[in-house]
Amino acid sequence: MITGANSGVGKAAALALAKKGGTVHIVCRNKDKGETALKEIQDESGNQKVHLHLLDLSKPRDIKAFCQDFKSSGHSLNVLVNNAGVLVGGDKRQLTDDGLEVTFATNTLGVHILTQELLSVLESSDNPRVIIVSSGGMLVQKLDLSDLQFEKMTKYDGTLAYAQTKRQEVIMTSVYAKAHSKIHFSSMHPGWAATPGVQSSLPDFYNRMKDRLRSEDEAADTILWLAIAEAAGKLESGLFYQDRKPVPTHLPLAWTKSSPEEDRKLVEKLDEIASKF
């Protein structure tokens with residue numbers, strides 16, 4: 001199962017897995033884009049075992065309902081790729097209908113709820129894996145438990161909010177790995193790629209760097225490797241990867257480290273928020 005698979009890195013990963021004959025569930029927010037992606041993946045791969053599910057990862061109740069339906073359907077699930085994410089451009093803090101800040105709701109809380117709700121079906125599958133697609137931008141962020149929804153920012157900065165949620169994802173991966181030994185967890189940085197998301201969310205960066213950005217297939221390579229390679233499954237659970245290798249989650253002499261207690265507190269706070277829906 002791959003979230004945000006209607007374009008970019010998620011679609012490239014879904015297509016690669018479909019070409020290998022896997023049953024692939026693509027989870028998309030937009031119906032038209034999802035249906036287009038579904039047809040393109042099926043046609044190019046020659047694999048009709050690709051299924052579309054419509055879901056907005058910023059809506060906790062919808063995630064829980066989706067997971068219940070998926071589990072009731074009897075589908076097995078060996079790999080969950082949490083790829084969907086948003087980066088809000090500009091300096092305006094945006095809220096969902098539930099009153100949640102959009103970046104946090106999608107990138108952190110949505111990933112947490114989807115993963116937690118699907119643990120039981122993953123644990124009953126063979127060699128289960130969960131991959132969370134983070135970003136190298138998280139390297140300049142330290143976990144801030146005091147402002148998970150960016151209410152205290154003097155001026156809202158969508159890029160910083162995005163980077164903070166990507167730090168949270170790496171921490172979540174580590175905490176999950178310690179709590180659920182039956183599943184292999186990993187987070188990863190796909191590298192900066194020429195995707196529609198980068199082009200729309202970071203247009204200045206894209207225009208400056210477009211000749212040096214990775215292709216979508218190159219960016220999806222480590223996701224594919226983490227999802228199916230035997231070697232990947234033998235490595236320690238909870239690590240952060242780039243280019244098929246575990247890499248540090250902090251820069252040298254970093255001020256960005258948090259304590260194990262703080263890391264656990266993040267997941268506890270997410271459980272608390274999720275329980276309200």
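## Strand β5 and the loop before it

In this predicted model, both faces of strand β5 are covered, since Arg129, Ile131 and Val133 on one side are buried, as are Val130 and Ile132 on the other. In a regular strand the side chains alternate between the two faces of the sheet. Five of the five residues of β5 are buried, so the strand is largely enclosed by the rest of the structure.

Strand β5 is joined to two other strands, and the table sets out these pairings.

| Strand paired with β5 | Bridges | Direction | A facing pair |
|---|---|---|---|
| β4 (residues 79–82) | four | parallel | valine 81 opposite isoleucine 131 |
| β6 (residues 184–188) | five | parallel | serine 187 as bridge partner of isoleucine 132 |

Between β5 and β6 the chain passes through helix α6, which spans residues 158–179, and this β-α-β crossover is right-handed.

Turning to the stretch ahead of the strand, serine 125 is found in the loop that lies between α5 (119–123) and β5 (129–133). Is serine 125 buried or exposed? Its relative accessibility is 14%, and because buried means under 20%, serine 125 counts as buried.

The surroundings of serine 125 can be described through its contacts. A polar atom of the side chain of serine 125 lies 2.9 Å from the backbone oxygen of valine 121. When the neighbours within four places in sequence are left aside, serine 125 is in contact with Ser76, Leu77 and Asn78.

Terms used:
Residues numbered from 1 in each chain as written. Predicted model: local features only at pLDDT ≥ 70, side-chain atom pairs only at ≥ 80, totals over all residues. Heavy atoms only, no water. Helix = DSSP H or I, 4+ residues; strand = E, 2+ residues; numbered from the N terminus. Buried < 20%, exposed > 50% of the residue type's maximum accessible area, 1.4 Å probe, protein only. Polar contact = N/O pair within 3.5 Å; in protein donor to acceptor, adjacent residues only side chain to side chain. Contact = heavy atoms within 4.5 Å. Pairing = 2+ DSSP bridges. Right-handed = clockwise from strand over helix to strand, strands pointing away.
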